[in-house]
Amino acid sequence: MRTGSVVDIVGNTPLVKVESLSKITGCEIYGKVEYANPGGSIKDRTALGIILKAEADGLLKPGYTIVEGTAGNTGIGLATIAAQRGYQCVIVMPNNQSQEKYQVLDALGAELIKVDPCPFANQNHFYHTARQIAESRANSFWANQFENLANFQCHYENTGPEIWRQTQGQVDAFICSVGTGGTIAGVSTYLKELKPAVHVRLADPYGSGLHSYVETGKFESTGSSMTEGIGIMRLTENFRKAQVDDSVRVSDEQMISMLYHLAKHDGLLVGTSAALNLYACYEYALQNAKMGRCIVTVLGDSALRYQSKVFNSHFLNEKSVAVKPLL
Ligand code: PMP
């Protein structure tokens with residue numbers, strides 16, 4: 001049993017066996033329950049790793065403000081730990097993310113700045129806006145999760161070893177989507193060091209350029225996605241360290257059908273990136289894996305973080321996304 005402050009209960013998350021998918025495919029499909037983290041997502045790990053490194057390097061001191069551009073979860077992770085350690089937070093987010101994230105950030109006492117979504121090259125992008133704010137404010141620290149390798153490091157030191165221990169080294173494949181690349185880079189590097197045969201697959205939403213980057217070396221994208229926190233159009237320092245064998249695209253319809261399937265058949269309320277990850281695991285198991293293979297992914301956050309969208313039939317209709325039976 002873990003005891004301590006909020007900082008002490010980041011990580012060491014359970015690994016749930018997704019029984020319905022395991023049964024259909026004859027493989028063992030597992031998800032790291034990252035919504036068990038105190039701020040409700042995998043990004044608590046990154047937030048803690050970045051804060052501890054910045055404190056150790058003397059870049060973050062008592063009375064400082066942490067500034068970050070984020071789709072939301074890293075902001076929530078930073079604000080969670082900042083509340084415990086007495087820092088202020090300024091969080092810059094695109095204004096099209098789920099309202100649940102803004103509400104949580106507000107409750108945690110973060111200063112929230114919403115910007116219009118735009119391409120990365122535009123200086124008004126949330127990433128550049130956060131950098132500019134940090135540059136213009138005294139005593140501030142820019143977390144920079146995309147380029148800061150403390151992000152990679154926390155997954156290399158914690159998430160990867162946890163998966164190894166929880167599967168007793170039986171893991172055969174690791175499949176996940178990418179926001180910064182921290183998770184896939186840290187976990188793939190760790191697992192392949194111990195077992196080079198572990199298959200690592202990127203699962204990418206439409207609208208992201210990573211799938212084409214893995215396949216052709218060029219960032220190209222088609223379509224768009226209602227998933228949040230995943231999909232990018234550039235090479236980050238964190239993703240650069242990822243050891244990826246191949247890549248697949250997952251559509252919103254496949255993702256949302258999986259999200260509803262998991263709720264109904266497994267009692268699992270997973271967020272959009274987690275549903276996308278599990279769709280890719282399911283497909284991999286059906287197409288490539290031999291019976292009994294152990295396939296692992298991360299369940300980055302919970303459906304409850306998006307309930308105003310994913311459990312809202314008007315929203316799904318607007319997006320022309322139908323919930324279909326998996327089989
Ligand atoms: N899932 C969720 C819910 C996220 O918020 C994020 C990060 N924004 C990811 C997955 C992607 O993780 P990473 O940044 O480590 O690539």
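Helix α3 (residues 73-85) has 13 residues, which at 1.5 Å a residue should span 18 Å, and its end C-alpha atoms are indeed 18 Å apart, so the two values agree; the expected span is 1.5 Å times one less than the number of residues. Helices here are DSSP runs of H or I with at least four residues, and strands are runs of E with at least two, numbered from the N terminus.

This is a predicted model, in which local features need pLDDT of at least 70 and side-chain atom pairs count only at pLDDT 80 or more, while totals for chains, interfaces and linings use all residues. Residues are numbered from 1 along each chain as its sequence is written, and side-chain values use heavy atoms, with hydrogens and water left out.

Most of α3 is covered, since 10 of its 13 residues are buried (under 20% relative accessible area with a 1.4 Å probe, protein chains only; exposed is over 50%, and partly exposed lies in between). Among the buried residues are N73, I76, L78 and I81, and the buried residues of α3 pack against α2, β3 (65-69), β4 (88-94) and α4 (99-107). After α3 comes G86, with a positive phi near 85 degrees.

The protein is divided into two domains, with bounds that come from an automatic or database domain assignment.

| Domain | Residues | Residues in the contact |
|---|---|---|
| Domain 1 | 6-36 + 155-318 | 23 residues |
| Domain 2 | 43-142 | 21 residues |

Contact means heavy atoms within 4.5 Å, and the C-alpha centres of domain 1 and domain 2 lie 24 Å apart.

The second largest pocket holds about 230 Å³ of space. Because both domain 1 and domain 2 give residues to its lining, this pocket lies between them. A pocket is an open set of points on a 1 Å grid over the protein atoms alone, where a 1.4 Å probe fits, with protein on both sides within 12 Å along at least five of seven lines, and lining residues have an atom within 4 Å of a point. Its lining includes R45, K53, C154 and E157, and the elements that give two or more residues to it are α2 (43-56) and α6 (150-166).

M291 lies in the loop between α11 (272-287) and β10 (294-299), and at 69% relative accessibility M291 counts as exposed. Leaving aside neighbours within four places in sequence, M291 is in contact with T25 and G26.

Conventions:
Points joined across faces, edges and corners; volume = space filled by probe spheres on them.
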